[in-house]
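User: Hi! Could you walk me through a structure I just opened? I'd like to chat about its side-chain contacts.

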Amino acid sequence: MLVATDVASRGLDIPDVELVIQLEPPKDTESYIHRSGRTARAGKSGTCITFYNRRNEEFVDRIEQLAGIKLERVGVPTEKEMQKAQTKGIIKKLEDVDEEVLELFEESASLLLDQHNGDAKMALKIALAYCSGHYKQKIPSRSLLTGRDGYNTLQMSVDQGKKFDETAAHALIERHWSEATSKSITQMTEYGSGVVFDLRKGEAESFIENFKLLKER
């Protein structure tokens, strides 16, 4: 692992770099090309991840425009996604288990199967849940904008090239949803070709159901 400032973003020939992580987008496109280019030496390829927020998203847009590239935008991972990733990590580690020690767990494995009426899949799911640490309660919903428990983040967008800002979104919601729903919306901000906002979990589910009815009409 190499941790570096801009000094190491150019002029150094470091072979076999598979991943570059930029903690924020640079203010100029040339620096981005040099940094991400650490993964593309001698015809090789790799991955470049750049963290950004609302304050510096403009730099990401500028890089795409000036460099003529399209970056894949990925949101903050949910707890459910992190749990799945963690479980995959556990399965990977299981490859290191030496077969010679398995006999020590023969009795425990049989007991676990008996507890679940021989359902091997259920027994395995329970064991993985315990190993991952997610075994006491269902994963709570959480805002992708603020991290608040009990909230869902929704996105409303239109076709590219059309204008759909906060004013238009509020007008649409006030017209087709209840006043209580409209007042419950928080953290609305423009994103891509539309807006994102938070609603409490139950209200978010009702919001989506009403949207489905509107589409049918």
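The chat below goes through cysteines, salt bridges and one residue ahead of the strands.

User: Before we start, what kind of model is this?
Analyst: This is a predicted model, where local features need pLDDT of at least 70, side-chain atom pairs count only at pLDDT 80 or more, and totals for chains, interfaces and linings use all residues. Residues are numbered from 1 along each chain as its sequence is written, and side-chain values use heavy atoms, with hydrogens and water left out.

User: Cool. How many disulfides does the structure hold?
Analyst: Zero, taking a disulfide as a pair of cysteine sulfur atoms within 2.5 Å.

User: And C48, why does that one count as partly exposed?
Analyst: Because its relative accessibility is 24%; buried means under 20% relative accessible area, exposed over 50%, and partly exposed in between, using a 1.4 Å probe and protein chains only. C131 counts as exposed, because its relative accessibility is 55%.

User: Switching to charges: how many salt bridges does a search of the whole structure find?
Analyst: It finds 10, each being a side-chain nitrogen of Lys or Arg within 4 Å of a carboxyl oxygen of Asp or Glu.

User: Which residue meets E64 in a salt bridge?
Analyst: R73, with an N to O distance of 2.8 Å. E64 is buried at 11% relative accessibility, while R73 is partly exposed at 28%.

User: And what about E95, buried or exposed?
Analyst: E95 is exposed, with a relative accessible area of 56%. Its side chain meets that of K92 in a salt bridge at 3.5 Å, N to O, and K92 is exposed as well, at 54%.

User: Nice. Where do K183 and E179 lie?
Analyst: Both are in helix α7, residues 179-184, four residues apart, which is about one turn of the helix. Helices here are DSSP runs of H or I with at least four residues, strands are E runs of at least two, and numbering goes from the N terminus. The K183 and E179 side chains form a salt bridge at 2.9 Å, N to O, and both residues are exposed.

User: Which residues do shared salt-bridge partners join into one network?
Analyst: E57, D61, E64 and R73.

User: Last topic: where does A4 lie?
Analyst: A4 is in the segment before β1, which spans 19-22. A4 counts as partly exposed, because its relative accessible area is 47%.

User: How far apart are the C-alpha atoms of A4 and Q22?
Analyst: They are separated by 10.0 Å, with the two residues 18 apart along the chain.
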